[in-house]
Amino acid sequence: MRYLSTRGQSPSLGFSDAVATGLAPDGGLYLPEVLPQFTAADLARFAPLSYPELCFEFLSRFATDIPADTLRALIAKSYTTFSHAEIAPVVKLDARTYVLELFHGPTLAFKDFALQLLGNLYGNQCQVRGQTINVLGATSGDTGSAAIHGLLGKPGVAIFIAYPDGRTSPLQERQMACTGASNVHALAIDGTFDDAQAALKELFADQEFRTRHRLSAVNSINLARILAQCVYYLWAYLRLPAGVRNEIEWVVPTGNFGNVLAGWLLRKMGVPLRGFRVATNHNDILYRLFTTGDYRVGTVTPSLAPSMDIQVSSNFERFLYYSVGQDAAKVREIMGTFKTTGAYTFANFNADGFSASRCNDAEIPGLIRQVYQDFRYIADPHTACGFKSLAKDRPSIVLATASPAKFPETIVSAIGIEPTAPSLEALKAKPLVKQKLPADAAAIRAYLDRHAV
Ligand SMILES: *Cc1c(COP(=O)(O)O)cnc(C)c1O
């Protein structure tokens, strides 16, 4: 299988190269040249498989340049770090309401599904090519900790994550700075997230530095992330009762459009998922797109669901590519207009199975309370956004993207109960090791020169 850029001006690549490259050189995102199709017979054959076995069946259609035994082993290793036997349990709240729990990985958020696997793919690549990799990224929270836990202890890989000192939640900082792994560097930057981001941008722009350290970004648009996420939709589909699974609406708390895009792509591969609801917080670019056809950047303001505080959804470009009939020139034109004017208005916009809801901060605690009263279920602030506007005419499955234990303050204020998770409790006992650095490219550069592998 080969991979093409949505902008059509980069050569096609094999799976491993597309994963290693992340963003295509023409600024586009990689997609498979053709989407494999899964038939009813395939689905019947998949039904009894364990999560890692199912993941292998799915990914082996894409990762055709990795020997089957190697791929199987990398996948098996990726999901041993999950604390639930089902990996992604489907929880029934009542006859028409289900939750797909995606927070049983090491950092208690759904990003672990992709980043545990991506870490092992990187590790394998280092081994096969006999090269080291230095991963550098800036984070305001979840992505950084999930990337760290994907790469910790991997031979040949070092990871440097810059975060604004004192501005992430204390638990998020502990997930980054208490790993005890010598290849993990938590860089506590004296400044804001934007300051850290700007310093890193300067380093990535320096070709000599970039090549010398074989620098790689923690990338939210990596193809492997999307494909790894398709698997839990397939898994959940196979676990839902036969009379429910073709009718149910998939409700997905959304920021960068990565999670929900995976479900939609799986539908394009022949799995009959009926429709998706994009559930945003008050940073609502996707809500506005899917309700009006107007894709228009707004200003990001902090919310109680911080991992969805995004106003430009990078993965939208993959949806766009298919919605313009795989016409890369049209994608370039639309993304060009969006980049220069901050907006693009679609005439005759086709939402193609997506609906949308939006939830502001004043509503989130009330939704957490309502879900707890109705079902005795504790939803984290992101998941709570999904419980707004549940469909009346069909069942729903809400994707629970984070454990409530990651957001104790919001949960306590809503229902007076403090959720806990053993892995977070264990973190509190471990020493915090962070490198305090000024928000300055030269200081980060000097640190990397000393510690890169
Ligand atoms: C990253 C994240 C999201 C948003 O996911 P996207 O793929 O960006 O749409 C939602 N909830 C949580 C808890 C997250 O960490």
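**Ligand contacts and salt bridges**

In this predicted model, a polar backbone atom of Gly-258 is located 3.2 Å from an oxygen atom of the ligand. The ligand also has an oxygen atom 3.0 Å from a polar backbone atom of Asn-259, and for Gly-255 the corresponding distance between a ligand oxygen and a polar backbone atom is 2.8 Å. On its own the ligand has 390 Å² of accessible area, of which the protein covers 96%.

The ligand is surrounded by 15 residues, of which Lys-111, Asp-142, Gly-255, Asn-256 and Thr-401 come nearest. By residue class, the shell consists of eight polar, five nonpolar and two charged residues. Gly-255 thus appears both among the residues that come nearest and among those with a backbone polar atom facing a ligand oxygen at the distance given above, 2.8 Å.

Salt bridges were examined next. Side chains of opposite charge can pair when their charged atoms come close. The structure holds 22 salt bridges. In one of them, Lys-436 pairs with Asp-165, with 3.1 Å between the closest N and O atoms. Lys-436 belongs to strand β15 (residues 435-438), whereas Asp-165 is in the loop between β6 (157-164) and α7 (170-177), so the pair ties together parts that are 271 residues apart in sequence. Lys-436 has a relative accessible area of 61% and is exposed, because the cut-off for that class is over 50%.

A salt bridge also links the side chains of Arg-267 and Asp-352, at 3.4 Å from N to O. Arg-267 is part of helix α12 (residues 258-268), and Asp-352 is found in the loop between β12 (343-345) and β13 (354-358); the pair therefore ties together parts that are 85 residues apart in sequence. Arg-267 is partly exposed at 22% relative accessibility, and Asp-352 is likewise partly exposed, with a relative accessible area of 30%.

Within helix α19 (residues 422-428), Glu-425 and Lys-428 are three residues apart, about one turn of the helix. These two residues form a salt bridge in which the closest N and O atoms are 3.1 Å apart. Glu-425 counts as partly exposed, at 37% relative accessibility, as does Lys-428 at 44%. Elsewhere, Asp-42, Arg-45, Glu-57 and Arg-61 are joined into one network by salt bridges that share partners.

Note on methods:
Residues numbered from 1 in each chain as written. Predicted model: local features only at pLDDT ≥ 70, side-chain atom pairs only at ≥ 80, totals over all residues. Heavy atoms only, no water. Near = heavy atom within 4 Å. Polar contact = N/O pair within 3.5 Å; in protein donor to acceptor, adjacent residues only side chain to side chain. Areas by Shrake-Rupley, 256 points an atom, 1.4 Å probe, with all protein chains shown as cover. Nonpolar A, V, L, I, M, F, W, Y, C, P; charged D, E, K, R; others polar. Salt bridge = Lys/Arg side-chain N within 4 Å of Asp/Glu carboxyl O. Helix = DSSP H or I, 4+ residues; strand = E, 2+ residues; numbered from the N terminus. Buried < 20%, exposed > 50% of the residue type's maximum accessible area, 1.4 Å probe, protein only.
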